[in-house]
Amino acid sequence: MTRSDERKPAVSPIRARYDVLVAGGGPAGATVATLVAAHGHDVLLVERSATPQFKVGESLMPATYWSLQRLGVLDEVRARAFPKKWSVQFFDHRGAGSKPFYFHEFRPEESSQTWQVLRSEFDQLLLDNAARKGVDVRRGVAVSEALFDGGRAVGARLRLDDGSETEVASRVLVDATGQSALVARRLGLREFEPNLRNVAYYTHFVGARLDEGIDAGATLIFRTADRKAWFWFIPLPDGVASVGVVGPVEHLVEGRAADPQAVFAEELGRCERLAERLATACPTMPMKAIRDFSYFSREVAGDGWVLVGDAYGFIDPIYSSGVFLALKSGEMAADAIAAALAAGAPTAESLGSFGPELRRGTEALRQLVYAYYDPRFSFASFLERHPQHRRDLTEMLVGNVYRMPLDDFVAALAEERRRVSRPARAAP
Ligand SMILES: Cc1cc2nc3c(=O)[nH]c(=O)nc-3n(C[C@H](O)[C@H](O)[C@H](O)COP(=O)(O)OP(=O)(O)OC[C@H]3O[C@@H](n4cnc5c(N)ncnc54)[C@H](O)[C@@H]3O)c2cc1C
């Protein structure tokens with residue numbers, strides 16, 4: 001043993017058996033692990049990256065407040081230098097800006113302000129909290145294979161960062177591996193959204209022009225002049241801005257330059273309002289790309305396994321709903337797992353009892369996503385025809401899809417889409 005080994009704190013070996021094994025240490029995994037441990041169960045969480053990493057998904061929805069409160073991390077999040085997000089504003093293809101959707105307009109409460117986060121810091125904060133609350137958190141450990149006995153998940157094979165492998169048995173295996181979707185891929189459960197085959201190119205900039213006051217931390221969404229793509233602009237700590245372009249694969253990939261940087265620059269040329277903000281800005285890292293990220297799994301759970309966060313599904317980045325759904329599905333799954341373990345029956349039925357409620361919210365958001373991408377639909381005209389729905393639309397942007405009934409609003413959206421798609425009646 002060397003002197004430096006002697007100074008390292010002793011790390012106990014991973015045990016052979018836990019009540020619950022969580023694969024993935026993003027917001028969904030950290031949430032489910034923390035809340036199941038709070039019920040007194042033995043939880044192991046493994047995260048494959050040894051150190052905190054850059055991740056996309058930096059803009060929170062205000063409704064994350066309630067999950068962060070339940071996790072007991074609100075004060076810690078408040079103490080970070082994360083910019084405060086009070087609103088989101090949409091710019092159309094001509095560059096005209098909507099009135100900002102201020103989250104506190106209809107709900108003047110503390111929960112109506114949220115944050116733009118550095119995910120490396122945010123995810124680590126949630127993992128540290130999980131560890132403090134009794135979860136056995138291991139970084140640099142990947143699930144290499146989910147283990148099944150017939151149709152029942154019974155644990156996982158783990159690959160440690162020294163390359164060695166070990167097997168762990170669990171009563172419940174939670175897949176929180178994000179877009180890796182370990183279990184849903186293995187079981188062939190993923191169904192891709194047929195009309196959202198999108199790609200995103202994104203990076204960070206310094207030196208972008210930022211707004212001031214209450215708007216300094218706003219998320220801005222810009223449609224390009226030909227309406228085929230859109231950009232996000234998300235202010236981050238230290239004057240950094242996260243900027244990304246999203247559009248269909250057939251528009252941004254097929255027949256375009258192989259270099260994402262070149263495609264990004266071409267699209268920026270079609271987006272004057274954003275280009276002027278970035279005129280003197282410089283990227284701080286190489287352009288990143290991700291595609292085919294919109295899918296849902298046919299099931300949320302089976303015998304001995306549960307899916308949470310992106311490992312269950314993700315719809316689209318347009319409304320920044322991903323982290324909210326990761327936290328919320330983590331909460332719902334934790335309650336179902338605790339109840340199933342208490343009843344001694346972690347079956348598909350008991351573990352999946354939260355599925356219908358989870359889908360209620362994801363479906364409402366899905367309808368809103370499709371409205372944005374519908375070339376004939378305009379939110380401005382919709383709100384002119386239905387001014388009473390501005391409040392509902394703001395509630396959706398807040399993420400209040402589980403806190404209030406939005407059925408009438410979703411039905412009105414669907415009706416408006418049907419109306420604008422009907423051929424105009426020929427003049428007599
Ligand atoms: C282009 C784009 C932009 C987005 N922008 C936003 C936004 O502004 N706001 C927002 O809320 N959401 C946004 N999202 C969505 C958001 O990033 C995700 O919904 C969110 O990160 C999901 O959290 P998660 O915990 O489910 O998964 P993740 O955050 O992806 O965490 C999964 C974790 O599992 C680990 N892992 C993977 N495989 C294994 C394995 N085999 N063993 C162990 N660990 C493993 C990974 O390292 C990772 O840390 C965006 C998504 C995209 C594609």
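Two strands count as paired here if DSSP finds at least two bridges between them. Keep that in mind, and look at β18 and β21 in this predicted model: they pair in the antiparallel sense over 2 bridges. In that pairing, Phe296 stands opposite Gly313 in β21. The two strands belong to an open sheet of 3 strands, ordered β11-β18-β21, with antiparallel pairing. Its edge strands are β11 (190–192) and β21 (313–314), each pairing on one side only.

Now zoom out to the whole chain. The protein chain has 15 helices and 21 strands, and its C-alpha trace spans about 80 × 50 × 45 Å along the principal axes. For 428 residues, a compact globule would have a radius of gyration near 22 Å, and the protein chain agrees because it has 22 Å. Of those 428 residues, 47% count as buried. The chain also brings together residues from far along the sequence: of the contacts between residues at least 6 apart in sequence, 72% join residues at least 24 apart.

The domain assignment splits the chain into domain 1 (15–72 + 118–192 + 296–360), domain 2 (86–113 + 198–291) and domain 3 (377–421). If you're tracing the backbone, note that domain 1 is listed as three segments and domain 2 as two. Taken over C-alpha atoms, the centres of domain 1 and domain 2 are separated by 30 Å. Their contact takes 10 residues from domain 1 and 16 residues from domain 2. On the domain 1 side, the residues touching domain 2 divide into 6 nonpolar, 2 polar and 2 charged.

So where does the ligand sit? Domain 1 and domain 2 both give residues to the shell around the ligand, so it lies between them. There are 39 residues around the ligand, and those that come nearest are Gly26, Gly57, Gly178, Gly309 and Gly322. The elements giving two or more residues to this shell are α2 (27–38), β2 (43–47), β8 (142–149) and α10 (322–342). Helix α10 makes the largest contribution, with 4 residues. Sorted by class, the shell has 19 nonpolar, 15 polar and 5 charged residues.

Over in domain 2, have a look at strand β13. This strand covers residues 219–223, and 5 of its 5 residues are buried. Thr219, Ile221 and Arg223 point one way, while Leu220 and Phe222 point the other way. Arg223 is worth clicking on, as a charged residue that is buried along with the others. What does β13 pair with? One partner is β4 (residues 87–91), which pairs with β13 in the parallel sense over 4 bridges; there, Phe91 stands opposite Phe222. Another partner is β14 (residues 230–235), which runs antiparallel to β13 and is joined to it by 4 bridges. In this pairing, Leu220 has Phe233 as its bridge partner. The hairpin of β13 and β14 has 6 residues between the strands, and in it Arg227 takes a positive phi near 65°.

Arg227 leads on to a couple of other backbone angles. Ala181 has a phi near 40°, a positive value in a residue other than glycine. You'll find Ala181 in the loop between β10 (165–175) and α6 (182–186). Is Ala181 buried or exposed? With 24 C-beta neighbours inside 10 Å, Ala181 counts as buried, because the cut-off for that is 20 or more. Asp292 also has a positive phi, near 55°, and is likewise a residue other than glycine. Its place is in the loop between β17 (288–291) and β18 (295–297), which takes you back to the sheet we started with. Asp292 is partly exposed, because it has 14 other C-beta atoms within 10 Å.

Last stop: Ser378, in the loop between α12 (355–373) and α13 (379–385). Like Asp292, Ser378 is partly exposed, with 14 other C-beta atoms within 10 Å. How far apart in space are Ser378 and Val420? They are 42 residues apart in sequence, and 9.2 Å apart in space from C-alpha to C-alpha.

Technical notes: Residues numbered from 1 in each chain as written. Predicted model: local features only at pLDDT ≥ 70, side-chain atom pairs only at ≥ 80, totals over all residues. Buried ≥ 20, exposed ≤ 12 C-beta atoms within 10 Å, placed from the backbone. Near = placed C-beta within 6 Å. Domains from an automatic or database assignment. Contact = placed C-beta atoms within 7 Å. Rg over C-alpha atoms; globule rule 2.2 N^0.38 Å.
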